[in-house]
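This report covers helix packing, sheet order and one salt bridge in a single model. The sequence and structure come first.

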Amino acid sequence: MAAAGRDGAEPGRQSPVTAPGERLALNGMGSFEWDLGTGTVLLDEAAMDVFDLGPEEFDGTAEGVALRIPPEDAGRLRGAIGAVLQGGEETYGAYFMVQRRDGRDQWTHTSGRVLRDGGGRPRHIVGIVRDATAELAHATLLRKLEAARAQQTTIVQRTTDVLSRAVTVDDVTAALTGAGALERLGADGLALGLVEGGTMKIIALSGESLEILSERRFTRLDGSLPLSHVVLTRQARFVTSLTELGGEFPLLADYLNRIRFSAAAYLPLIAQAKAIGGLVLFYRRRSEFSPEERNLCLGLAGIVAQSLQRALLFDQEREFATGLQAAMLPRRIPDITGGEIAVRYHAAWSGREVGGDWYDVIALPRDRVGVVVGDVQGHDTHAAAIMGQLRIALRAYAGEGHPPSTVLARASRFLAELDTERFATCMYAQVDLETGGVRAVRAGHLGPLIRHTDGRTGWPNVRGGLPLGLASIFEREEFPETRLDLVPGETLVLCTDGLVEEPGTTITQGMEALAHAVRTGPQGAGALADHLSDRLWERWGSGDDVALLVLRRAPDPGTHRAPRIHQYVHQADPEGLSEARYALRQALRDWGMPDLADDVELAAGELLVNALLHTDGGAVLTMEVLPEPVRRIRLWVKDRSSMWPRRRTPGEAATTGRGLLLVDALATHWGVESRGDGKAVWCEFDVTGSPRSSR
């Protein structure tokens, strides 16, 4: 609607005023006189024609003049005149709309002069009215063009913005078909195709009824369809009749008759002088494409083409990098006896920014297995290449039977001698699944996480050295070993830092999250690896490579007649003793021997305290039922010390030295046996008899 106000008058021009009833010679212009005292309005014939009023319907009032003026415009016109009358001004001008009886909307302009008496009071208004439709036609067209340009600019800006964040081809298709995408493009439907060899592959469809085009998702690039035709000719085509288009391309006629669109823009996607695909924009209500609209479609096609070209290059680089990375990792994991191993690898997300993370499982002499995870510095293909060389070298050193400290020392020297400035972190462990013994070393890397049979998790204190490469440069190739015990049913988790590092948080928080996920995860190695992948990779995102290795020693519950439990108590874990006592009492209750709980718990506590206080490391607690020839309970406490305990006779004031005396008094038998690189102190309890000491 027209805006009304004093500013509407043409500056510097005075409209002529004629006496009432005098017809102006100028076509489309009339005059009026308005007596403000009586409220009567006199219009000449030309003015009556401008207002489209017949003599029989005009009552000579201001309200009668406004008969065909829309209420909104009439209100603005009254406001403009009222402001002039109250402000003491002499002239006004305003544009407004007249809705003629033939249905046309006529822009109209009026200008008037206020005649006042000697006291300055307004008495009359005289002025002219004229048909301004022709005058404003150009301005209206300009406003429409300006609005169209603004809309086109918005479409281009929004499309450019959303596609600038697209990295992969899947990202591009998601940006073009996601929520609000068609609105951003100013279209009602979309089809996107990529050239693959001699075929056109439709990779995205969006819009009501367009799903039927998926039946022709793969077509030959031979020009028999409109999209392949514009790709071959590299000439856009703007269609305002899909029915006529179907007559030209019979293979598509049936589909075009079934979709609910009236027009379409078929656009080739050209990047670096090569047609890489085609884009179709469908419209429901469009009878023509103006030059501006054609240019907009061509501009959108250019933006999409550049985004697709960038995404295709990214995907190719990504495929190359991940292929290189996969080639450097072991093709298969060897079968092991006495446990299960699962590995998972998660590649970083950005182009060639792949990392040097790796894992390996190495079969060792004497039925042992070596497990390793590591990370070469950097995120590029060079890091992946260094990783492959280092993994092979470390595997060779381990396979020769060297102890873990020697394996890492030689690997560090190997890396330092390569023509590179890269270093690497590494965690390596030799595991004897028959005895549960673990010899662990680390080089600037995160230590292992262990889940015990009762569900508790812990990070054992594994001593470490400098990262590989740096250790040799600084001539500090010391990698001290840490001895651990993995009891039946326990799980060892090794990973690279990508699994525990989240932007904006400390690594401690990530380690706590990993421990919680392990604690609440399933028992099996493969199921637990999947659980950690789903929980933590989704949480942290995909900005870094992650290598994950899960090793679980096979559980050893014994048999129904001779059940067995195992528990590892870490030296630095104050809760381990109470957890072990609770596990013993619960097992005896489950086995139907609750009367032995007090004696067994007390003896176990004394043996565990001796092991934790007088040896350098933790202890493994085992309790089992020996059914033959007399059913009895046997308790084992195994540690890494070769020094045997001695039963002493403490004085009355002594505060220690009574542990073995107490065990001797509670158990029917007890003794000490050598076990590999340590010993096991054992004691037995007769299920039916009374205690009887023996050594």
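In this predicted model, helix H11 (residues 381–399) and helix H12 (residues 404–417) have axes that come within 9 Å and cross at roughly 145°. The crossing is right-handed. On the H11 side the contact involves Ile386, Gln389, Leu390, Ala393, Leu394, Tyr397 and Ala398, and on the H12 side Val407, Leu408, Arg410, Ala411, Phe414 and Leu415. Sorted by class, the contact of H11 with H12 has 11 nonpolar residues, one polar and one charged.

A second helix pair is formed by H17 (residues 597–614) and H18 (residues 659–666), whose axes come within 9 Å and cross at roughly 155°. Angles over 145 degrees count as roughly antiparallel, and H17 and H18 are therefore roughly antiparallel to each other. H17 passes H18 in a left-handed crossing. H17 contributes Asp599, Leu602, Ala603, Glu606, Leu607 and Asn610 to the contact, while H18 contributes Gly659, Leu660, Leu662, Val663 and Leu666. By class, this contact of H17 with H18 has seven nonpolar, two polar and two charged residues.

The two crossings are set out below.

| Helix pair | Axes come within | Crossing angle | Handedness |
|---|---|---|---|
| H11 and H12 | 9 Å | roughly 145° | right-handed |
| H17 and H18 | 9 Å | roughly 155° | left-handed |

H17 also packs on a sheet. The helix lies across strands E23, E24 (619–626), E25 (632–639) and E27, and runs at about 15° to E25. These strands belong to an open sheet of five strands with antiparallel pairing, in the order E23-E24-E25-E27-E26. Its edge strands are E23 (564–569) and E26 (669–675), each of which pairs on one side only. On average, neighbouring strands of this sheet are turned by 20° against each other, direction ignored. At the E26 edge, seven bridges join E26 to strand E27 (residues 678–686), and the two strands run antiparallel. One of the residue pairs here is valine 672 with its bridge partner valine 681 in E27.

Strands of a sheet pair through backbone hydrogen bonds, either parallel or antiparallel.

Another open sheet of five strands, again with antiparallel pairing, has the order E2-E1-E5-E4-E3. Strand E2 (41–43) and strand E3 (91–99) are the edges, and each pairs on one side only. Neighbouring strands in this sheet are turned by 25° against each other on average, direction ignored. Within the sheet, strand E1 (residues 29–35) and strand E5 (residues 122–131) pair in the antiparallel sense over seven bridges. Serine 31 stands opposite isoleucine 128 in E5.

A helix lies across this sheet as well: H3 is placed across E1, E3, strand E4 (105–116) and E5, and runs at about 170° to E3.

Which residues of H3 form a salt bridge? The side chains of arginine 76 and aspartate 73 meet in one, at 2.6 Å from N to O. Both residues lie in helix H3 (residues 71–87), three residues apart, which is about one turn of the helix. Side chains of opposite charge can pair when their charged atoms come close. With a cut-off of 4 Å between side-chain nitrogen and carboxyl oxygen, the count comes to 34 salt bridges.

Key:
Residues are numbered from 1 along each chain as its sequence is written. This is a predicted model: local features need pLDDT of at least 70, side-chain atom pairs count only at pLDDT 80 or more; totals for chains, interfaces and linings use all residues. Side-chain values use heavy atoms; hydrogens and water are left out. Two strands pair if DSSP finds at least two bridges between them. Helices (H or I, at least four residues) and strands (E, at least two) are DSSP runs, numbered from the N terminus. Axes are lines fitted to C-alpha atoms, for helices over the stretch in contact, and angles run from 0 to 180 degrees between N-to-C directions. Contact means heavy atoms within 4.5 Å. Angles under 35 degrees count as roughly parallel, over 145 as roughly antiparallel, 65 to 115 as roughly perpendicular and the rest as oblique. A crossing is left-handed if the near helix is turned anticlockwise from the far one by less than a right angle, and right-handed if clockwise. Ala, Val, Leu, Ile, Met, Phe, Trp, Tyr, Cys and Pro count as nonpolar, Asp, Glu, Lys and Arg as charged, and the others, Gly among them, as polar.
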